[in-house]
Amino acid sequence: MRALLRSGSTRSSCAVLTCRKRAFSISSATTRKKTPEPAKYITRKSPSPSVNSFTRPGWKNSTASRSDSQNNNAAPNTRESGRSRQEANRTYAVFRNLALSCFDSLMKTSRSWEAKESEYKAFNINTKLDLDREIKLFRNSIERCCDLASENRALSKFDNPLFSSLRNAFVEGDARGLSDELIYAFQNFLMRSRFPKSIAATHRKIADFRFPYEWYPATRALQRTVHLHVGPTNSGKTYNALKALENAKTGIYAGPLRLLAHEVYSRFIAKGKPCALVTGEEQRIPEDEDNYFRSCTVEMTPLNYPVDVAVIDEIQMIGDSERGWAWTQAFLGVQAKEVHLCGEERTVELIQSLCATLGDKCVVTRYKRLSPLETMSQSLGNDWANLQKGDAVITFSRLGIHAIKKQIEESTGRRCAMVYGSLPPETRAQQASLFNDPDNDYDFLVASDAIGMGLNLEIKRVVFEQTHKRSKVGYRQISTSEVKQIGGRAGRYRTARQAANPGTESASNGEEGPPPPKTGQPGFVTALEEDDLEIIREAFGREPKPIKSAGIQPPPSVIERFSSYFPPNTPFSYILSRLRDIARTSPRFHLCYLGEMLSIADLIQPFPMSVYDRCVFLNAPVALREKKGAEVVQAFARCVSEMHGDLLDIPEIDLELLDEDPYFSSPAEYLRRLEFLHKTITLYLWLSYRYSGVFRSQNLAFHVKELVETRIDEQLAKVNLSFRQRRIALATMRKQASQSKRKIEKTLGEAISTQKPRHEISGEWEEEGHEEPLFEGTEELEPITRLDPNSRGNQRGNTRRINAGVD
């Protein structure tokens with residue numbers, strides 16, 4: 001395939017620890033039995049009082065805080081049984097042993113002197129003997145922090161910072177998260193005496209992120225009017241915001257998904273308004289036009305382009321734990337006279353507070369739902385035969401969509417359309433039209449959660465096929481906000497078919513607009529299984545918690561300045577972690593979770609690159625969970641370092657896969673490899689817009705991407721997954737999500753776990769267009785053991801028929 005592409009001939013065709021009851025709980029009144037006083041911290045003697053100025057806040061006072069805690073907060077509860085104390089002792093002992101064994105394993109393998117000699121020298125560790133001494137001292141620190149937690153219940157970041165960070169890392173990321181935190185903590189331990197007090201003070205000044213709106217001085221010079229449109233789904237809030245955008249001379253639309261950006265782009269083009277489509281992986285710029293609208297995904301919002309109106313959709317995502325920074329950046333930085341924010345009621349207090357600080361005028365318009373919505377008392381009873389015309393079945397992966405489509409058509413004998421974000425826009429519109437037309441035999445729709453963010457569909461009832469989706473470290477139950485967002489698509493007031501009729505116009509029911517002449521048809525929400533229906537009913541019975549803070553991420557200029565104070569060859573991941581650790585934020589902002597950024601920083605560390613280039617890679621759509629994901633990231637970093645990145649000259653890109661006959665491969669493994677190749681090409685395209693002089697094979701990459709997508713569609717069309725296999729796979733996901741939830745509640749306590757910002761973005765941010773993944777995980781992929789034999793031999797024709805909605 002690589003040779004054919006060169007010639008151009010193809011152009012024409014975790015290890016999880018199960019803690020005991022009340023383990024690590026803040027509310028647990030358990031203590032260890034008294035043991036002999038352990039040795040105190042052993043630290044290097046310092047030539048000046050500034051020795052510990054670089055340690056974590058509270059670390060140097062840990063010994064003093066111990067005695068204070070004994071007197072004030074850690075008195076044993078004499079009413080507790082001896083059994084509870086023993087359980088607590090065993091739990092802390094298990095965690096101590098886990099942390100020590102994990103640290104020892106790191107020091108013998110990936111973090112050994114032989115593997116990281118140059119890195120250790122950056123920390124002034126010049127011999128293996130020096131390293132061994134520091135390892136021994138740090139092991140004593142781990143033992144001591146566990147002793148403090150056990151004896152005195154010193155669990156907070158202030159009283160016991162090392163234990164707190166290790167414990168939280170383990171809860172959030174299991175053994176992998178604990179390993180990452182141990183690496184950073186050890187690096188911080190090595191750096192404790194490297195900086196004088198004045199430099200440490202400069203670090204803290206750079207890391208003062210209490211006023212992130214000052215990062216955009218040009219925008220602060222404007223007097224903006226912020227229109228906040230809030231309300232439930234199907235209330236007309238986005239429609240009214242887009243009408244304001246259409247009436248402006250210049251403007252920007254920023255949405256969470258490529259799907260939505262493309263919808264707005266198509267809408268403006270159809271009305272004869274010049275418009276550009278700008279996403280991370282694709283850019284369509286109007287030719288011979290100097291003045292045009294821009295429809296983009298939110299992280300691509302232009303901040304140096306003055307416009308009349310900007311619309312930022314789904315503003316509630318500003319509080320997301322991982323990607324909220326993109327909405328904060330767009331809101332604080334967009335240079336628009338009018339900024340229209342569309343989202344949920346829970347954002348009002350935060351946005352009003354920010355506007356008051358910025359000096360922007362804030363106008364809140366509240367909307368009511370235009371059609372009633374009800375949750376049903378019964379599920380489908382695990383039987384697709386109970387589906388009704390107008391039902392939309394929701395699942396979270398493309399594999400699940402195709403499998404369910406086949407199951408429904410086999411069970412009911414009726415046709416089923418498919419809609420999901422990564423479908424080609426023309427195909428997606430055609431499938432939606434087939435479902436919306438009441439005069440054909442397409443009675444049902446299978447869709448991803450992307451429909452919760454838009455798409456006008458005549459859905460009578462939303463049926464959740466599952467209520468759990470994958471996260472970074474496993475599976476999670478979808479949030480209250482996600483359930484309402486998706487379920488609210490039932491009973492649409494104004495659909496695509498109605499909009500096509502002359503004289504039909506959507507109206508708002510906001511404070512400033514007239515009420516609609518009539519309400520739409522009622523919508524219903526249910527689930528395939530009773531267990532999932534109970535989750536849905538609970539979600540609709542409560543309100544999501546108000547968003548208290550907006551996510552931020554320091555800009556590259558801040559990271560560049562901060563890194564300039566560190567010795568050469570200091571690991572970039574340590575610099576990022578240190579910046580996070582000493583950062584100061586106001587109560588209205590939170591630093592977004594670094595997540596895979598630290599892993600990316602370590603992978604690209606060996607390659608000579610500027611700090612700015614390293615920051616670019618931090619937000620790239622990488623696929624580190626794949627077997628060869630790390631190799632691909634390093635290959636692209638090497639290309640940037642060497643300033644050469646032709647597609648055909650990168651051996652880590654598995655183009656040979658397109659030459660293989662899928663008949664001789666395992667269906668699951670072949671799909672997995674196709675998905676990874678697609679992600680690799682997507683990453684190449686993403687980088688090609690940022691390094692056009694390096695990754696010069698953009699047109700060829702688009703061509704290869706088309707070939708891969710066609711092959712994926714062919715394989716999905718042939719997958720034959722039984723209903724029973726599908727239910728077993730989902731039961732496994734549900735079980736893992738439940739175990740993860742129980743572990744967090746036992747370890748941190750329910751109150752703490754619910755106060756943190758959460759990840760609530762539909763789809764997957766690392767996927768192309770931030771849309772649905774090909775498969776949810778190995779649990780969903782493993783049941784695929786055979787293909788439909790009737791599909792082989794006419795693969796391309798089958799794909800065409802599916803895309804056209806004809807089986």
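This report walks through a mixed sheet, a helix lying across it and a buried helix in a predicted model.

## Ground rules

The model is predicted, so local features need pLDDT of at least 70 and side-chain atom pairs count only at pLDDT 80 or more, while totals for chains, interfaces and linings use all residues. Residues are numbered from 1 along each chain as its sequence is written, and side-chain values use heavy atoms, with hydrogens and water left out.

Helices (H or I, at least four residues) and strands (E, at least two) are DSSP runs, numbered from the N terminus.

## The sheet

Let's start with the sheet, which is open, has eight strands in the order 4-3-5-2-6-7-1-8, and shows mixed pairing. Strand 4 (283-284) and strand 8 (361-366) are its edge strands, each pairing on one side only. Two strands count as paired if DSSP finds at least two bridges between them. In general, strands of a sheet pair through backbone hydrogen bonds, either parallel or antiparallel.

## Around strand 7

Strand 7 (residues 336-343) pairs in the parallel sense with strand 1 (residues 225-230) over six bridges. One bridge to look at has V230 facing its partner G343 in strand 7. Strand 6 also pairs with strand 7 in the parallel sense, here over five bridges, and V309 stands opposite E338 in strand 7. To get from strand 6 to strand 7, the chain goes through helix 11 (residues 324-333), and this β-α-β crossover is right-handed (with the strands pointing away from the viewer, the path from the first strand over the helix to the second runs clockwise).

Strand 7 is mostly covered, with six of its eight residues buried (under 20% relative accessible area, against over 50% for exposed and partly exposed in between, using a 1.4 Å probe and protein chains only).

## Around strand 5

Strand 5 (293-297) is mostly covered too: five of its five residues are buried. F293, S295 and T297 point one way, R294 and C296 the other.

Strand 2 runs parallel to strand 5, joined by four bridges, with G255 opposite T297. Strand 3 (residues 275-278) pairs with strand 5 in the parallel sense, over four bridges; there, A276 has R294 as its bridge partner.

## Two helices

Helix 9 (residues 237-246) lies across strands 1, 2, 5, 6 and 7, running at about 165° to strand 7. That angle is taken between N-to-C directions on a scale from 0 to 180 degrees, with axes fitted to C-alpha atoms, for helices over the stretch in contact (heavy atoms within 4.5 Å).

Helix 15 (residues 480-487) has eight of its eight residues buried, so it is largely enclosed by the rest of the structure. Among those buried residues are E482, K484 and Q485, along with V483 and I486.
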